[in-house]
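Work through two short exercises on a cavity and a helix pair. Each task is followed by its solution.

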Amino acid sequence: MPDTIAAIATANAPGGIGIVRVSGPGAFGIAKKIFRPKFGLDWESIRGYRMVYGEVEGIDEAICLLFRGPGSYTGEDVVELQCHGGPLLLRQALQAALDAGARMAGPGEFTRRAVLNGRIGLTQAEAVMRLITAQSEQGLRAARTALGGALSEKIAGVRESLIALAAHIGAWADYPEEDISPLSDREAEDVLKGAEMALRELIEGSKGAQAVLEGVSAALVGRPNAGKSSLLNRLTGYERAIVTAMPGTTRDTVTETVRLGNLTLRLTDTAGIRDTEHPVEKAGVERSVEAMKNADLVLVVADASEGLTREDEGLLGQCDRERTIVVWNKIDLINTPRRYAPPPSIEGGFGYVVETSAVTGEGLDDLARAAEEICQTEGFVPGEAMLATQRQAQCAAGALEAVREALFAMENGFAPDAVSVCLEDAVQALFALTGERAGDAVVEEVFRGFCVGK
């Protein structure tokens, strides 16, 4: 029998209300020891979904919410003590529950128990974390869709079609004395190609989904005084970085979370990249180059009022063109109608070149569209099933590879056993994706990043 766990389920900060959650077979017994109902309570006969007013062991007045398993979040008996939201009060209430026999919950253990007790699937558990950490309206809608089971339903449909195909092939091969008609190659290929298409569409959309849900690491790079810090300040909406006319003001990296279109960027403003012998500035340049290498998205800022310099060309030569946007900044300083035409060498080599003014904000919509195209989020639909984590994407990729191997085996006349082995691999990968037959290592990976009270 599992033990009883307890944790603070609200943020570690002052608030109007804070919650201590207790779950397990001893939850009601622990509540009986530490909670004093104002008007009495028959603990033995009380049903779930009740709210009782009282006091937690002289610590604070509280409301006690009681949920009987299996109709609770975890599938077990659950008690939630709602106190005033002072961190010290909550720690004292938690300690009372621990002294009464509960064990401190591990990270994500409440949601883990919900999975193990069949209340929710593994993909829905991951959606709980996305719901908590969502930083945009689209991310929130996507998490709600996942929590509703959209991905589980889509994967279940693919998996069941493959199971049915494997069962038919196995029955026909293993029981020749029975009157089982073999599937035609066309029927089997239709099933496999349907599964291949569904998995491929999920995987192709996963990059955009993860970019919206998790955010994107981005680096602002360029030579000194090109306007990187001004652009960071424009995107954050306040003077986050020091801006002066003197080149080399930024000597270290500065990171802020900003919104650009439907993307959340973890945007790092870097020191201007140039040859220098100054030890502090040189260390900053080294950090800038490292940030550029590690970023998902690179914004190379150049001064349009001065044109392309040798330093700009050298920097662009170090960039991965598939994830780089050339940002011609300071267009407000140019009076010609066209302002500035990027050199042909840049237009031909980089697919994303935009003109901006960090002072006026002009061109930021173009910058957002370019970033969304690179991160493949322009077609993101939060109401559709999606692969929201790297773990899910890896499972889907394994299933897709196995389906393609089954197709190859069938098209090249391999024995039915060979096709069946490939189908089994695909089915197991899809079970691992939804967690219905996930091993302990997979479950541990999912819950390692959870906050303790969830």
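**Exercise 1.** State how many cavities of 30 Å³ or more a search of the whole structure finds, then describe the largest cavity.

*Solution.* The search of the whole structure finds one cavity of 30 Å³ or more. A cavity is a set of points on a 1 Å grid over the protein atoms alone, where a 1.4 Å probe fits but cannot get out. The largest cavity holds about 100 Å³ of space, volume being the space filled by probe spheres set on the points. Its lining has 16 residues, and Ala127, Ala142, Ala146, Met386 and Ala388 are the closest to its centre; lining residues have an atom within 4 Å of a point. By class, the lining has nine nonpolar, four polar and three charged residues. Ala, Val, Leu, Ile, Met, Phe, Trp, Tyr, Cys and Pro count as nonpolar, Asp, Glu, Lys and Arg as charged, and the others, Gly among them, as polar. Helices α4 and α5 each supply at least two residues of this lining.

The model is predicted: local features need pLDDT of at least 70, side-chain atom pairs count only at pLDDT 80 or more, and totals for chains, interfaces and linings use all residues. Residues are numbered from 1 along each chain as its sequence is written, and side-chain values use heavy atoms, leaving out hydrogens and water.

**Exercise 2.** Classify the packing of α4 and α5 from their axes.

*Solution.* The axes of α4 (residues 122–133) and α5 (residues 137–147) come within 8 Å and cross at roughly 155°. The two helices are therefore roughly antiparallel (angles over 145 degrees). Gln124, Ala127, Val128, Arg130 and Leu131 of α4 make the contact with Leu140, Ala143, Arg144, Ala146 and Leu147 of α5; contact means heavy atoms within 4.5 Å. By class, this contact has seven nonpolar, one polar and two charged residues.

Methods: Axes are lines fitted to C-alpha atoms, for helices over the stretch in contact, and angles run from 0 to 180 degrees between N-to-C directions. Helices (H or I, at least four residues) and strands (E, at least two) are DSSP runs, numbered from the N terminus. Angles under 35 degrees count as roughly parallel, over 145 as roughly antiparallel, 65 to 115 as roughly perpendicular and the rest as oblique. On a 1 Å grid over the protein atoms alone, a cavity is a set of points where a 1.4 Å probe fits but cannot get out, and a pocket is an open set with protein on both sides within 12 Å along at least five of seven lines; lining residues have an atom within 4 Å of a point.
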